[in-house]
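Please work through the exercises below with the sequence and the coordinates open beside the text. Each task is followed by a solution that goes step by step.

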Amino acid sequence: MGFTALQVAKFTMGFSTHELLKEVLQYPAVQDMKVTVNSCGKYSMIVGGSAFLGGVIAGPLGLALGGIASSIISAAVGHNEFKSVPYIILYEATPEQREKLAILIIKYLTSRNIWTLGDLLYFNKEELAVGIIPIITTFLTKYMHYSVAN
């Protein structure tokens, strides 16, 4: 009978995926990470089109006013299109995706000789965040197709 990597990790590390992610996602550096919803292209097309149309209709002044007005509107509409990384991982990732992320983090932690939740709790959070943030960033871009903004 074979064991999955997560079953082995639970046995050796003594805590679940949820506990691990809950602890790691509380790190201040991770909480400060934001994910953009990929709509920048849409808004750039709106701004460019409005500036072009304003330029055709009213010349240089219309070009400026069209660009300014559409930029303000695009900023107002796209204001809430940034989501926090903890929110994405806890509420939008599937259980399989969370398991995959936990396995990647566990591999990093074991390379740092962190074997239990107690070790994780007493280790320097800022130092761990330096290694965990690239793992989370890669996971979000590769497996969930988000863009991470720092």
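The exercises that follow concern confidence, aromatic pairs, the nonpolar core and individual helix residues of a predicted model.

**Exercise 1. Confidence**

State the mean pLDDT of the protein, and find which elements have the lowest and the highest mean pLDDT.

Solution. The mean pLDDT of the protein is 82, and 85% of its residues reach 70 or more. Among the elements, helix α1 (residues 5-13) has the lowest mean, 53, whereas α8 has the highest, 91. Where pLDDT is low, the predicted coordinates should not be read in detail.

**Exercise 2. Aromatic pairs**

Determine how many aromatic pairs there are, and classify each by its geometry, taking planes under 30 degrees apart as stacked, over 60 as edge-to-face and the rest as tilted.

Solution. With ring centres required to lie within 6.5 Å, the count comes to two aromatic pairs. Tyrosine 87 and tyrosine 91 form one of them, with 5.3 Å centre to centre and 45° between the planes, and this pair is tilted. Both tyrosine 87 and tyrosine 91 lie in helix α5 (residues 85-92), four residues apart, which is about one turn of the helix. Tyrosine 87 is partly exposed at 40% relative accessibility, while tyrosine 91, at 61%, is exposed. In the pair of phenylalanine 139 and tyrosine 143, the ring centres are 5.6 Å apart and the planes stand at 35°, so this pair is tilted. Phenylalanine 139 is buried, with a relative accessible area of 1%, whereas tyrosine 143 is partly exposed at 32%.

**Exercise 3. The nonpolar core**

Describe the largest nonpolar core: how many residues does it have, and which elements give two or more residues to it?

Solution. The largest nonpolar core has 29 residues, and those with the most contacts inside it are Ile105, Leu109, Ile132, Ile136 and Leu140. The elements that give two or more residues to this core are α2 (17-24), α5, α6 (95-111) and α8 (125-142). Helix α8 provides the largest share, seven residues. As a residue to inspect, take leucine 140: leaving aside neighbours within four places in sequence, leucine 140 is in contact with Val35, Val85, Ile88, Ile89, His145, Tyr146 and Val148.

**Exercise 4. One face of α2**

Identify the buried residues of α2, and examine the surroundings of glutamate 23.

Solution. The buried residues of α2 are Thr17, Leu20, Leu21, Glu23 and Val24. Seen down the axis of α2, these buried residues fall within an arc of 160°, so they line one face of the helix. Glutamate 23 has a relative accessible area of 11%, and because buried means under 20%, this residue counts as buried. Not counting residues up to four places away in sequence, glutamate 23 touches Leu120, Leu121 and Lys125. With lysine 125 there is a polar contact between the two side chains, at 3.3 Å.

**Exercise 5. Two residues of α6**

For proline 95 and leucine 101, decide whether each is buried or exposed.

Solution. Proline 95 has its place in helix α6 and, at 52% relative accessibility, counts as exposed. The C-alpha atoms of proline 95 and histidine 18 are separated by 9.7 Å, although these residues are 77 residues apart along the chain. Leucine 101 also has its place in helix α6, but it is buried, with a relative accessible area of 0%. Apart from residues up to four places away in sequence, leucine 101 touches Leu21, Ile89, Ile135, Ile136 and Phe139. For isoleucine 135, which is 34 residues apart from leucine 101 along the chain, the C-alpha separation is 8.0 Å.

Key. Residues numbered from 1 in each chain as written. Predicted model: local features only at pLDDT ≥ 70, side-chain atom pairs only at ≥ 80, totals over all residues. Heavy atoms only, no water. Phe/Tyr/Trp six-rings, centres within 6.5 Å; stacked < 30°, edge-to-face > 60°. Buried < 20%, exposed > 50% of the residue type's maximum accessible area, 1.4 Å probe, protein only. Core = buried A, V, L, I, M, F, W, Y, C linked by side-chain atoms within 4.5 Å. Contact = heavy atoms within 4.5 Å. pLDDT = per-residue confidence, 0-100. Polar contact = N/O pair within 3.5 Å; in protein donor to acceptor, adjacent residues only side chain to side chain. Arc of directions from axis to C-beta.
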